[in-house]
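Reader: Hey, got a minute to walk me through this model? I'd like to start with one spot and work outwards.

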Amino acid sequence: MRQAAELPARRQGQVTPPDTQPYSPQEAERLRLFISAVTDYAIYMLSPEGTIVSWNAGAQRFKGYTAAEIIGQHFSLFYTDEDRRIGIPAFALQQASSKGKFEAEGWRVRKDGSRFWASVVIDPIRDDAGTLVGYAKITRDITEKKLAEEALRESEERFRMLVQGVTDYAIYMLSPSGTITNWNAGARRIKQYQHDEVVGSNFSRFYTEEDRRKGLPQRALEIATSQGRFEAEGWRVRKDGTRFWAHVVIDAIHNEMGRLVGFAKITRDVTERRDSAEQLEKAREALFQSQKLEAIGKLTGGVAHDFNNLLNVLGNSLALLRRSEHTMADLRLIATMEQAVKRGATLTQQLLSFARQQPMKQEQRDLNRVIASFEAVLRRAAGHGIPLEFDLADGLPQATIDVAQFETGLLNLVVNACDATSNGGRITVSTAVRDLKDKQVGMLPEGRYVVVTVQDSGVGMPPEVVARAIEPFFTTKAIGKGTGLGLSQVYGMVQQSGGDLAIASQPGAGATVSMYFPALATEDTVDTVPETARERVLLVDDEPDLLETTGELFRTLGFDVLSASSGEHALEVLKRTPDLHLLFSDVVMPGMSGVELARRARALSPELKVILASGYVAEGVSARDGAGVGGFEFLPKPYQLSDLVQKLRKLDRAAGQAAAPGRTAA
């Protein structure tokens with residue numbers, strides 16, 4: 001090996017100053033021994049052309065050559081064929097000579113042909129005149145470090161690809177202040193933001209406005225920082241403004257020194273899981289409620305049947321007693337007991353209805369028509385202090401009901417709504433068609449349903465009251481104000497019709513009670529009262545009793561009867577029912593008179609037949625226009641069925657002559 005004394009005192013292009021002495025022989029020897037003993041580094045000298053002129057123990061260990069084998073060879077021997085073809089060795093010397101140093105990493109080749117990853121430094125060596133006399137080359141085998149770095153990079157790349165490939169989870173990093181620093185495919189899918197739209201912004205943008213006001217995003221980071229982890233569920237907001245229920249985990253990330261460098265955040269959309277859990281809970285609650293009511297119903301039905309038998313014995317006994325001679329006082333007692341028996345019978349019928357043991361006369365009916373014919377009764381029940389509105393949907397499918405029990409149930413709902421609504425509120429009776437999913441309402445199967453709803457703006461009910469509202473004898477009314485059987489009867493009637501009852505209410509927000517009846521397919525419907533089989537009459541009178549008895553007269557004549565208690569209500573019915581044939585109205589009524597009503601009705605339906613009735617104008621009829629009041633047919637009160645029949649025949653003859661001019665009536 002060449003002597004280390006050949007090394008100049010200065011490197012990197014510097015010329016030895018005149019006053020600087022070269023190494024002494026002793027110093028040069030010590031330096032040579034030091035370099036020769038180093039085994040962790042290959043330290044050797046090159047001539048200006050790149051020929052190896054010295055060799056140390058580290059070079060022999062790394063590269064496998066002895067000094068005798070390698071000195072005099074060109075250093076490019078250690079480079080790979082690829083590097084030699086592109087001139088890397090010559091480039092290294094040129095860079096060291098021109099720039100004072102060359103430093104790089106790359107693959108090098110040992111004597112046995114194996115490769116190692118080397119860290120290389122080449123320094124130019126110049127004499128006192130600045131002439132290049134060679135190069136000092138130091139090489140270190142850093143293969144293990146390289147492999148570790150490669151393994152780390154591969155691991156990081158695999159992890160990155162894994163994270164980027166996950167679409168069911170939003171996985172991204174946050175800075176210590178909550179700024180988003182990266183974004184994966186799952187985050188794009190769940191939250192709808194692209195990478196460039198969201199990186200650099202704060203993660204609080206995904207929280208609802210309410211949660212941001214409460215400081216929940218910052219609190220989540222604080223908990224993750226102090227406890228190492230934050231986990232919770234809550235509503236989050238997508239780019240399009242829609243909400244989803246999210247399961248969120250935030251982990252704090254610390255460096256080797258323990259300093260917080262950020263957070264790893266994982267978010268999963270669990271809306272479907274939450275909805276399924278809620279549906280399951282609702283189904284369990286509905287099943288429990290159904291089983292509870294079934295048990296109460298069986299008990300109630302048994303008691304009602306036994307009580308009915310007792311009432312039958314009492315009623316028959318009172319009837320037998322009445323046949324005997326009694327004093328007036330005794331007869332009054334018997335009459336009082338008979339009234340009590342009747343009230344008891346009414347209660348048992350309501351109990352049997354709840355227990356679904358009440359005999360029903362099922363008919364396929366258009367519920368809009370049933371409600372319209374019952375409207376006058378509902379308005380009387382509501383009174384004048386609370387507006388009662390009707391919103392009946394067009395094209396309503398038919399449903400199978402017991403008309404009498406349906407009317408009783410609807411009346412119970414309107415009366416309950418009135419009791420809960422003070423003056424200034426309003427009540428609405430509406431109909432609609434709804435397509436339900438399985439168990440969306442109670443235990444009803446999937447299908448189409450006709451829905452009759454009574455909605456009020458009253459005091460409303462808390463959840464615990466809603467849960468018990470249909471139980472027999474449960475009531476929140478004052479003592480003596482109700483039996484607690486109204487909603488029970490409605491529930492039993494709807495259940496026997498194959499439907500269900502739904503109640504929605506909040507304190508101070510009113511109540512909505514909906515009756516669901518299975519809708520009949522068009523090909524399956526046969527209305528018990530076909531529209532073509534009867535003529536339809538609208539009766540208008542402000543006297544309820546007279547309205548009821550007149551309705552019975554027209555029903556005996558085969559008419560389909562609708563009723564209204566005022567001119568204003570009658571016009572509403574006329575607008576909803578364009579196929580009316582006859583208007584029969586009292587003349588003198590509060591507000592709109594019968595004459596004004598008849599004129600406005602004719603404006604809506606020019607072919608409508610009209611009969612006006614009153615006891616106040618009978619004497620002046622012939623004096624005014626001979627034919628009737630205001631040009632309409634007139635029937636003086638009081639009248640009999642025969643009088644009504646004659647008037648109807650007169651209208652029919654007039655209609656026949658109008659249809660066939662020139663034909664005389666028989």
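Reader: Let's go. Where does Gly315 sit?
Author: Gly315 is in helix 11; helices (H or I, at least four residues) and strands (E, at least two) are DSSP runs, numbered from the N terminus. Before going on: this is a predicted model, where local features need pLDDT of at least 70 and side-chain atom pairs count only at pLDDT 80 or more, while totals for chains, interfaces and linings use all residues. Residues are numbered from 1 along each chain as its sequence is written, and side-chain values use heavy atoms, with hydrogens and water left out.

Reader: Cool. And is Gly315 exposed or partly exposed?
Author: Partly exposed, because its relative accessible area is 25%. Buried means under 20% relative accessible area, exposed over 50%, and partly exposed in between (1.4 Å probe, protein chains only).

Reader: Which residue is Gly315 paired with by C-alpha separation?
Author: Glu338, 23 residues apart from Gly315 along the chain, with 6.7 Å between the C-alpha atoms.

Reader: What else is in that helix? Where is Arg273 found?
Author: Arg273 is in helix 11 too, which covers residues 271-323. Arg273 has a relative accessible area of 47%, so it counts as partly exposed. Its C-alpha atom is separated by 9.1 Å from that of Trp245, 28 residues apart along the chain.

Reader: OK, zoom out. How many helices and strands are there in the chain?
Author: There are 22 helices and 21 strands. The chain has 666 residues, and buried ones make up 42% of them.

Reader: What about surface area, how much does the chain expose?
Author: About 35,800 Å², with carbon and sulfur atoms supplying 53% of it. Those areas come from the Shrake-Rupley method with a 1.4 Å probe; for residues, only the protein chains shown count as cover.

Reader: And what share of the contacts join residues at least 24 apart?
Author: It's 58%, taken among contacts between residues at least 6 apart in sequence. Contact here means heavy atoms within 4.5 Å.

Reader: Onto packing. How many residues does the largest nonpolar core have?
Author: It has 37 residues, and those with the most contacts inside it are Leu367, Phe406, Leu410, Met515 and Phe517. A nonpolar core is a set of buried Ala, Val, Leu, Ile, Met, Phe, Trp, Tyr and Cys residues joined through side-chain atoms within 4.5 Å.

Reader: Which helix gives the largest share of this core?
Author: Helix 15 (residues 403-420), with seven residues. Leu410, leaving aside neighbours within four places in sequence, is in contact with Ile371, Leu378, Val429, Val452, Val454 and Met515. There's also a second, separate core of 23 residues, which includes Leu538, Leu574, Leu580 and Val587.

Reader: What does Ala381 touch, if you skip the neighbours within four places in sequence?
Author: Ala381 is in contact with Leu411, Val415 and Cys418. Ala381 itself is in helix 14 (residues 375-382), and it is partly exposed because its relative accessible area is 31%.

Reader: Any holes? How many cavities of 30 Å³ or more does the structure hold?
Author: One, and the largest cavity has a volume of about 70 Å³. On a 1 Å grid over the protein atoms alone, a cavity is a set of points where a 1.4 Å probe fits but cannot get out, and lining residues have an atom within 4 Å of a point. Grid points are joined across faces, edges and corners, and the volume is the space filled by probe spheres set on the points.

Reader: Which elements each supply at least two residues of that lining?
Author: Strand 16 (536-540), helix 18 (544-556) and strand 18 (582-586). The lining includes Leu539, Phe584 and Lys637.

Reader: Last one, backbone stuff. What's odd about the phi of Gln192?
Author: Gln192 has a positive phi of about 75° although it is not a glycine. Most residues other than glycine have a negative phi. Gln192 is in the loop between helix 7 (185-191) and helix 8 (195-198).

Reader: And what is the phi of Lys439?
Author: Positive as well, at about 60°, and Lys439 is not a glycine. Lys439 lies in the loop between strand 12 (427-436) and strand 13 (447-456).

Conventions:
On a 1 Å grid over the protein atoms alone, a cavity is a set of points where a 1.4 Å probe fits but cannot get out, and a pocket is an open set with protein on both sides within 12 Å along at least five of seven lines; lining residues have an atom within 4 Å of a point.
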